Amino acid sequence: MSKHSRILVLSHTRKAVSEIAKRVSRRISDLSRVKIMTLHGFCMKTARILGVFNKNARLLKDKEKKEFLKKCLEIHPVFQEIDTIEDTIENCKNLLITPEEAYCLLPEDLAKIYEIYEREKEEENLFDFEDMLVSVYRKLSSNHKLADTLRQQFQHVIVDEAHDMNKAQYEIVRLIQNGSFFTVLDPNQRIYAFRAGGGPLHRFERDYPYSSRLPLTVNFRSTR
């Protein structure tokens, strides 16, 4: 196996993945040797491989989610804006907070609608973008043999824009890294804080006390 074929590079957007691929291709002629994916794309593929979703399950896309939440609100009306409810549920899942745990952290009405949303989604064989993260995390954290099998596939894991990782993403990466974990980050450039991004930043040095920091001293992106 080529030394490049066990490198996994993760970022947040397709645009970033495309840019990384262009830069890597200047160094490596056969780009197929390096897996470059979005975090959600990696989790989607992993979820399919692990069989965490029913084979007939369908992704609930962003535009559909609001309509689906409106149906849930017919079961249990909540006097909150639909965007607030949607953001609350997304943040709970990005922070790996279950509906049961939400009752201790949220107003009861919001926790209830979160519970109903999850129940109705399961009954209709649907899953959302956050489920890709949550389901993969639960599967790997509860099955160490499975997690170890996945770890053996990648000798090096690299995360671009790591300052925007949320808790679910961070925990998944910790489960799949096999000793070589490289992050590229700038704590001053967090843009996904509204989606619970950036929370694990303070954990890096605690979780990896023997890691090295390589500061970038030249700015190619902006003026003074």
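**Two positive-phi residues and a parallel strand pair**

With a relative accessibility of 26%, Asn125 comes out as partly exposed, since that class covers the range between under 20% (buried) and over 50% (exposed). The model discussed here is a predicted one. Asn125 sits in the loop that links α6 (108–123) to β4 (126–127). Its backbone also catches the eye: the phi of Asn125 is positive, near 60 degrees, even though the residue is not a glycine. For context, most residues other than glycine have a negative phi.

Leu96 is another non-glycine residue with a positive phi, in this case about 60 degrees. Leu96 belongs to the loop running between α4 (82–94) and α5 (99–102). Its relative accessibility is 17%, so Leu96 counts as buried, the cut-off being under 20%.

Turning to the strands, β1 (residues 7–11) and β2 run parallel and are joined by five bridges. One residue pair can be picked out here: Leu10 has Met37 of β2 as its bridge partner. To get from β1 to β2, the chain passes through helix α1 (residues 14–25), making a β-α-β crossover that is right-handed. As for how well covered β2 is, this strand spans residues 34–38, and four of its five residues are buried, so β2 is largely enclosed by the rest of the structure.

Note on methods. Residues numbered from 1 in each chain as written. Predicted model: local features only at pLDDT ≥ 70, side-chain atom pairs only at ≥ 80, totals over all residues. Heavy atoms only, no water. Helix = DSSP H or I, 4+ residues; strand = E, 2+ residues; numbered from the N terminus. Buried < 20%, exposed > 50% of the residue type's maximum accessible area, 1.4 Å probe, protein only. Pairing = 2+ DSSP bridges. Right-handed = clockwise from strand over helix to strand, strands pointing away.
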